[in-house]
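Biologist: Please take a close look at one part of this model for me. I would like to follow a single strand and its surroundings, residue by residue.

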Amino acid sequence: MVFHGDYEVEFEIYEIPKEEGEWRYRKLGRMPGLNAQEAKNRWIEQNSLTADQVDDIVVLYPLEKD
C-alpha cells in the first residue's frame, strides 16, 4: 500500500509583500516536495536566499482546478 504522503507535490512559492499597505503576495514559482517545509528548503537552496529573504517566503499547497 502506498500513502499519499509518499508522493511529491508541486507547491506554490510566494513572497510576503514588504510595502506597508500592500496585501498581495508575489508568486515566485513552484517547487516539488513531500511537504511544504521540504519545498521551501529546496527553494532556499536553489536560490541562495539570505536569512532575511527566507522569512519572507511562504509555501502553499496549490488549488486544484476543475
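Modeller: Start with the sheet. It is open, has three strands in the order E2-E1-E3, and pairs in the antiparallel sense. E2 and E3 are the edge strands, each pairing on one side only. From one strand to the next, the twist averages 30 degrees. Helix H1 packs on this sheet and touches E1, E2 and E3. The direction of H1 makes about 110 degrees with that of E2. Keep in mind that this is a predicted model.

Now the strand to follow, E1. Strand E1 covers residues 9-15, and Glu15 is found in it. E1 pairs with E3 in the antiparallel sense, over four bridges. One detail of that pairing: the bridge partner of Glu15 in E3 is Ile57. As background, strands of a sheet pair through backbone hydrogen bonds, either parallel or antiparallel.

Stay with Glu15. Is Glu15 buried or exposed? Its relative accessibility is 15%, so Glu15 counts as buried, because the cut-off for buried is under 20%. Which residues does Glu15 touch, leaving out those up to four places away in sequence? They are Tyr25, Arg26, Leu28 and Asp56.

The side chain of Glu15 also makes polar contacts. One is with the side chain of Lys18, at 2.6 Å. Another is with the side chain of Arg26, also given as 2.6 Å.

The Arg26 contact deserves a second look. The side chains of Arg26 and Glu15 meet in a salt bridge, 2.6 Å from N to O. This pair links distant parts of the chain: Arg26 sits in strand E2 and Glu15 in strand E1, 11 residues apart. How accessible are the two partners? Arg26 has 51% relative accessibility and so counts as exposed, the cut-off for exposed being over 50%. Glu15, at 15%, counts as buried. The salt bridge therefore joins a buried acid in E1 to an exposed Arg26.

Move along E1 to Glu12. Glu12 forms a salt bridge with Lys27, and their closest N and O atoms are 3.5 Å apart. Glu12 lies in strand E1 and Lys27 in strand E2 (residues 26-33), so the pair ties together parts that are 15 residues apart in sequence. Glu12 has 12% relative accessibility and so counts as buried. Lys27 is at 43%, which means partly exposed.

This bridge belongs to a wider set. Glu10, Glu12, Lys27 and Arg30 are linked in a network of salt bridges. How many salt bridges does a search of the whole structure find? It finds eight.

Another of them sits in the helix. Arg42 forms a salt bridge with Glu38, with the closest N and O atoms 3.2 Å apart. Both residues lie in helix H1 (residues 36-47), four residues apart, about one turn of the helix. Arg42 has 28% relative accessibility and so counts as partly exposed. Glu38, at 24%, also counts as partly exposed. Recall that H1 is the helix that packs on the sheet.

Back to E1, for its aromatic residue Phe11. How many aromatic pairs does the count come to? It comes to one. The rings of Phe11 and Tyr61 have their centres 5.9 Å apart and their planes at 75 degrees, so the pair is edge-to-face. Phe11 lies in strand E1 and Tyr61 in the segment after E3, so the pair ties together parts that are 50 residues apart in sequence. Phe11 has 6% relative accessibility and so counts as buried. Tyr61 is partly exposed, with a relative accessible area of 46%.

That leads to strand E3 itself, residues 57-60. E3 has two faces. Ile57 and Val59 make up the covered face. Val58 and Leu60 make up the uncovered one. Ile57, on the covered face, is also the bridge partner of Glu15.

Now put E1 together. In the order of the sheet, E1 comes between E2 and E3. Toward E2, its salt bridges include Glu12 with Lys27 and Glu15 with Arg26. Toward E3, there are four antiparallel bridges. Just past E3, Tyr61 forms the aromatic pair with Phe11.

Technical notes: Residues are numbered from 1 along each chain as its sequence is written. This is a predicted model: local features need pLDDT of at least 70, side-chain atom pairs count only at pLDDT 80 or more; totals for chains, interfaces and linings use all residues. Side-chain values use heavy atoms; hydrogens and water are left out. Helices (H or I, at least four residues) and strands (E, at least two) are DSSP runs, numbered from the N terminus. Buried means under 20% relative accessible area, exposed over 50%, partly exposed in between (1.4 Å probe, protein chains only). A polar contact is a pair of N or O atoms within 3.5 Å; within protein, one must be able to donate a hydrogen and the other to accept it, and residues adjacent in sequence count only if both atoms are side-chain atoms. Contact means heavy atoms within 4.5 Å. A salt bridge is a side-chain nitrogen of Lys or Arg within 4 Å of a carboxyl oxygen of Asp or Glu. Two strands pair if DSSP finds at least two bridges between them. Rings of Phe, Tyr and Trp (its six-membered ring) pair if their centres lie within 6.5 Å; planes under 30 degrees apart count as stacked, over 60 as edge-to-face and the rest as tilted. Axes are lines fitted to C-alpha atoms, for helices over the stretch in contact, and angles run from 0 to 180 degrees between N-to-C directions.
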